[in-house]
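Me: Please take a close look at a single part of the structure shown below. I should like one connected account of that part and of what surrounds it.

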Amino acid sequence: MQCFFVEFQCKLGKAYAVANELANREIASEIYSISGPFDLIAKFYVEEDVDIGHFVADRVHSIDGIERTQTTLTFKAF
C-alpha cells in the first residue's frame with residue numbers, strides 16, 4: 001500500500017462540509033482539522049498500482065468547497 005497525506009485549504013465556512021464529504025466517500029483513513037494555512041489534513045492509503053496524482057485529481061479535487069490542496073508522499077514508516 002502507498003500512504004500519503006493531503007492538506008486542504010477550504011473556502012470560508014466549508015471545512016466541515018469538505019471533511020464530511022471526505023468521510024462519506026470513505027476514501028481517507030483519517031481526517032483531522034488543523035491550525036495554520038490549511039484547514040484539514042487527511043491520510044490516504046491506495047494500492048501500489050494506483051497513480052496518486054490521478055486519485056487526488058479524480059476522487060479528492062471533485063469535492064466542492066476545496067480552495068487548494070497540498071499532497072505529501074511518504075516513503076517509510078518508523
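Reply: Two strands count as paired if DSSP finds at least two bridges between them; strands (E, at least two residues) and helices (H or I, at least four) are DSSP runs numbered from the N terminus. The model is predicted, with pLDDT of at least 70 required for local features and 80 or more for side-chain atom pairs, while totals for chains, interfaces and linings use all residues. Residue numbers start from 1 along each chain as its sequence is written, and side-chain values use heavy atoms, without hydrogens or water.

The part chosen is strand β1, which spans residues 2–10. The protein chain comprises two helices and four strands, and from the N terminus these elements follow one another as β-α-β-β-α-β. The four strands make up an open sheet with the order β2-β3-β1-β4 and antiparallel pairing. Its edges are β2 (30–33) and β4 (66–73), each of which pairs on one side only. On average, neighbouring strands of the sheet are turned by 20° against each other, direction ignored.

In that order, β1 stands between β3 and β4. Towards β3 (residues 40–46), β1 runs antiparallel and is joined by seven bridges. Two residues of β1 show the register there: Gln2 stands opposite Val46, and Cys3 has Tyr45 as its bridge partner. Towards β4, β1 likewise runs antiparallel with seven bridges; here Val6 is matched with Thr71.

How far is β1 enclosed by the rest of the structure? Burial is the guide (buried is under 20% relative accessible area, exposed over 50%, partly exposed in between, with a 1.4 Å probe and protein chains only). Seven of the nine residues of β1 are buried, so the strand is largely enclosed by the remainder of the structure. For the protein chain as a whole, buried residues amount to 32% of the 78.

Both helices take part in the surroundings of β1. Helix α1 (residues 15–25) lies across β1, β2, β3 and β4, and runs at about 15° to β3. Such angles, from 0 to 180 degrees, lie between the N-to-C directions of axes fitted to C-alpha atoms, for helices over the stretch in contact. The residues that α1 buries are Val18, Ala19 and Leu22. Because they cover an arc of only 100° around the axis (taken from the directions from axis to C-beta atoms), they fall on the same side of α1. These buried residues pack against β1, β2, β3 and β4, contact meaning heavy atoms within 4.5 Å. The other side of α1 carries Tyr16 and Asn24, both exposed. Just after α1, Glu26 adopts a positive phi of about 55°.

Leu22, a residue of α1, illustrates this packing. Its relative accessible area is 0%, and Leu22 is therefore buried. Neighbours within four places in sequence aside, Leu22 is in contact with Phe8, Ile27, Ile31, Ala42, Phe44 and Ile63. Among these partners, Phe8 falls within β1 (residues 2–10), whereas Ala42 and Phe44 fall within β3 (residues 40–46). Leu22 and Arg68 lie 46 residues apart in sequence, with 15 Å between their C-alpha atoms.

Helix α2 (residues 52–60) lies across β1, β3 and β4, at about 40° to β1. Its buried residues are Ile52, Phe55, Val56 and Val60. They share the same side of α2 because the arc that they cover around the axis is only 95°. The packing partners of these buried residues are β1, β3 and β4. His54 and Asp58 are exposed on the face of α2 turned away from its buried side.

The chain as a whole gives the setting for this strand. Of the contacts with a separation of 6 or more, 71% involve residues 24 or more positions apart. The C-alpha atoms fill a box of roughly 35 × 25 × 20 Å along the principal axes. The secondary structure within that box is the set of two helices and four strands named above. The radius of gyration, taken over C-alpha atoms, is 12 Å, close to the 12 Å given for 78 residues by the globule rule (2.2 Å times the number of residues to the power 0.38), so the chain is as compact as a globular protein of that length.

In short, β1 is joined by seven bridges to β3 and by seven to β4, and the buried residues of α1 and of α2 pack against it.
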